[in-house]
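The following exercises ask the reader to work through strand order, helix packing, burial and chain contact. Each task is followed by a worked solution.

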Amino acid sequence: MNIQAAITIYKFEMARFRRTIFQSLVAPIITTSLYFVVFGAAIGSKIETINGVSYGSFIVPGLIMLYLMTESINNAAFGIYFPKFVGSIFEVLSAPVSSLEATVGYVGAAASKSTIIGLMIFLTSNLFVTHDIKYPLVMAIFIILTAITFSLFGFIIGIWAQNWEKLSIIPTLLVTPLVFLGGSFYSIDMLPEFWQKVSLLNPVFYLISGFRWSFFGTSEIPIALSIVAILSFMAICLAVIAIIFKTGYRLRT
Amino acid sequence: MKSQISIENVSKVFGGHKALNNVSLEIKEGEIFALLGPNGAGKTTLISAICGLCMQSSGNIKVNNFDTLTHYKETRNQIGLVPQELPLDGFESVYNSCQFSRGLFGLKDSRDHIEKILKTLSLFDKRDEQIFGLSGGMKRRLLIAKALAHEPKILFLDEPTAGVDVSLRRDIWKLIEDQKKMGVTIILTTHYIEEAEQLADRVGIINSGEIILVKEKTALMSEFSKKTTFIRLSKKLKNPSFMKKNKKISLTENGMTLKLVGINNKSNELQSIVNLLSQNGIAFTEINTVDNSLEDIFLDLVETQ
């Protein structure tokens, strides 16, 4: 196995992150702070506790998930789309690099970047609310699984996209609404019964719910179901990537 | 010389268009092979198929007996590719970009090797600069440096001197010759026939996706050689009768020069024409004979196909 190639791609992508570290980290921190000011302090003070958790603390897992998912997708999609766009992808395609090694390099870097951003948001949240994490190990597993899975998804989008518009269309028009409607900022118990049932069709709901369980020990659905949901999505993404590399879809002519 | 790349009956179809049509070709170890052809002939497609950038629709390609599809790691490990365009990540530094290329081939950082290449290509002073800041010529040299970063045994150069100035072209030619001396097999596509004439050991001509000729350059030049002789006359001439009998003779430069194309030295054709001039009382001041170039041969072959 050409491990050095995977490391090389990983380091190359992380170097890109370092070049833009200010913009990569400061923007999410400022936005998170605004969420806490608006939802946590201004609106949250009018909302009673949810399952015994203050509203400010309740939205922390949702906010982390929001960034984790969107940043994973964006970083992974850009990571593979940019070399396609400028043509430098020829280097990876003509090198002795397997699909697994390329995926580990690109997806690993994207997942690392989004995990760092997720942790920064978690640290920022500590400035506004105090909370104990009930199951830190489960929280870490959820962060890592979510970052990897959505980076895989972003990687697929980056390969599929043929222009900048397509690159942003799925994150903007599909993922962000799913995350917002997946209970990031509310419990689905607060919704009318019909919309509660609709929410159960949203795959992101299972991830946010499971992640929230690791914080507070309570959630709307069993934790096992959340883990099955994320592992299933990961398996689907891996299968799609395997097909992409086997057929050379939008990579090799 | 043993065969290093073996291409057997390779075809590539894009949509309904056959970019490569049953191409078979052998590239020998240590040679410089020039692949010539007009735009859209299939040169880049053939290189892409060998290097793994595109998958052939049918046929086999082997590099040192390894199949490019089933043993792609073994084949790609031996190959360095300099593409036709300038596809570079402009935000990266020159050194890191070369290091990236080397790392993809499973090799650890070798500052000495990369710096040596950068010095050879006069890029050492630019090693820490972002690629965006480089001129077009420097970017082309960087692509060569990147292709050499993993010390390949086979080097593909897809129009390496397109759009570069004369001085840089000479530098690149020297680098190609140096690589050959080091035992690297070089496959070169070019629009500059002069380049192939200068560098190549063998020449292949491809047109409409088909290889129409492969020959040693010297054999090709000698087989298709046609001499053109110019006889500068002392006074203007109007279609003399002896010209009408010989289609190889024409008048140029307002009747001041006789042009004789493809005359046969063995049958003393030139002597006969000089005799004819004397018999007709036509004096001349100069006789000049030139061999036709590879470019003429290339154009003849492509046009007559």
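**Exercise 1.** In this predicted model, determine which strands helix 11 of chain B lies across, and establish the order of the sheet to which strand 9 of chain B belongs.

Solution. Helix 11 (residues 294-304) of chain B lies across strand 3, strand 9 and strand 10 of chain B. Its direction is at about 30° to strand 9 of chain B. These strands are part of an open sheet of six strands in chain B, ordered 6-7-8-3-9-10, with mixed pairing. Strand 6 and strand 10 (210-216) of chain B form the edges, each pairing on one side only. From one strand to the next, the twist averages 15°. Helix 6 of chain B also packs on the sheet, where it touches strand 3, strand 7 and strand 8 of chain B. The direction of helix 6 makes about 155° with that of strand 8 of chain B.

**Exercise 2.** Trace the pairings within the six-stranded sheet of chain B, and identify the handedness of the β-α-β unit that contains helix 6 of chain B.

Solution. Begin with strand 6 (residues 79-82) of chain B, which pairs with strand 7 of chain B in the parallel sense over four bridges. Within this pairing, B:Val82 has B:Leu157 as its bridge partner. Next, strand 7 of chain B is joined by five bridges to strand 8 (residues 185-190) of chain B, again running parallel. Here B:Ile154 is partnered by B:Thr185. Strand 7, helix 6 (residues 166-181) and strand 8 of chain B together make a right-handed β-α-β unit. Further along, strand 3 (residues 32-36) and strand 9 (residues 202-207) of chain B run parallel and share four bridges. The bridge partner of B:Leu35 in strand 9 of chain B is B:Gly204.

**Exercise 3.** Is strand 7 of chain B mostly covered or uncovered, and which residues of the largest nonpolar core touch the most other members?

Solution. Strand 7 (residues 154-158) of chain B is mostly covered, with five of its five residues buried. One side carries B:Ile154, B:Phe156 and B:Asp158, the other B:Leu155 and B:Leu157, and both faces are covered. B:Phe156 reappears in the largest nonpolar core, which has 138 residues: together with B:Ala34, B:Ala145 and B:Leu188, it touches the most other members. Helix 3 (residues 55-86) of chain A gives the most to this core, 17 residues. Beyond its neighbours within four places in sequence, B:Ala34 contacts B:Leu188, B:Thr190, B:Ala196, B:Leu199, B:Ala200 and B:Val203. As general background, nonpolar side chains tend to be buried together in soluble globular proteins.

**Exercise 4.** Describe the open sheet of four strands in chain B.

Solution. The strand order is 2-1-4-5, and the pairing is antiparallel. The edges are strand 2 (17-28) and strand 5 (66-67) of chain B, each paired on one side only. Strand 1 (residues 3-14) and strand 4 (residues 58-63) of chain B run antiparallel and are joined by five bridges. B:Ile7 stands opposite B:Ile61 in strand 4 of chain B.

**Exercise 5.** How many residues does each chain give to the contact between chain A and chain B?

Solution. Chain B contributes 25 residues and chain A 23 residues. On the side of chain B, helix 2 (72-77) and helix 3 (94-104) are the elements that give two or more residues. Helix 3 of chain B supplies the largest share, five residues. By class, this side of chain B has 14 nonpolar, six polar and five charged residues.

Terms used: Residues are numbered from 1 along each chain as its sequence is written. Chains are lettered from A and ligands numbered from 1 in the order in which they are written. This is a predicted model: local features need pLDDT of at least 70, side-chain atom pairs count only at pLDDT 80 or more; totals for chains, interfaces and linings use all residues. Two strands pair if DSSP finds at least two bridges between them. A nonpolar core is a set of buried Ala, Val, Leu, Ile, Met, Phe, Trp, Tyr and Cys residues joined through C-beta atoms within 7 Å. A residue is buried if 20 or more other C-beta atoms lie within 10 Å of its own, exposed if 12 or fewer, and partly exposed in between; C-beta atoms are placed from the backbone. Two residues are in contact if their C-beta atoms, placed from the backbone, lie within 7 Å. Ala, Val, Leu, Ile, Met, Phe, Trp, Tyr, Cys and Pro count as nonpolar, Asp, Glu, Lys and Arg as charged, and the others, Gly among them, as polar. A crossover is right-handed if, with the strands pointing away from the viewer, the path from the first strand over the helix to the second runs clockwise. Axes are lines fitted to C-alpha atoms, for helices over the stretch in contact, and angles run from 0 to 180 degrees between N-to-C directions.
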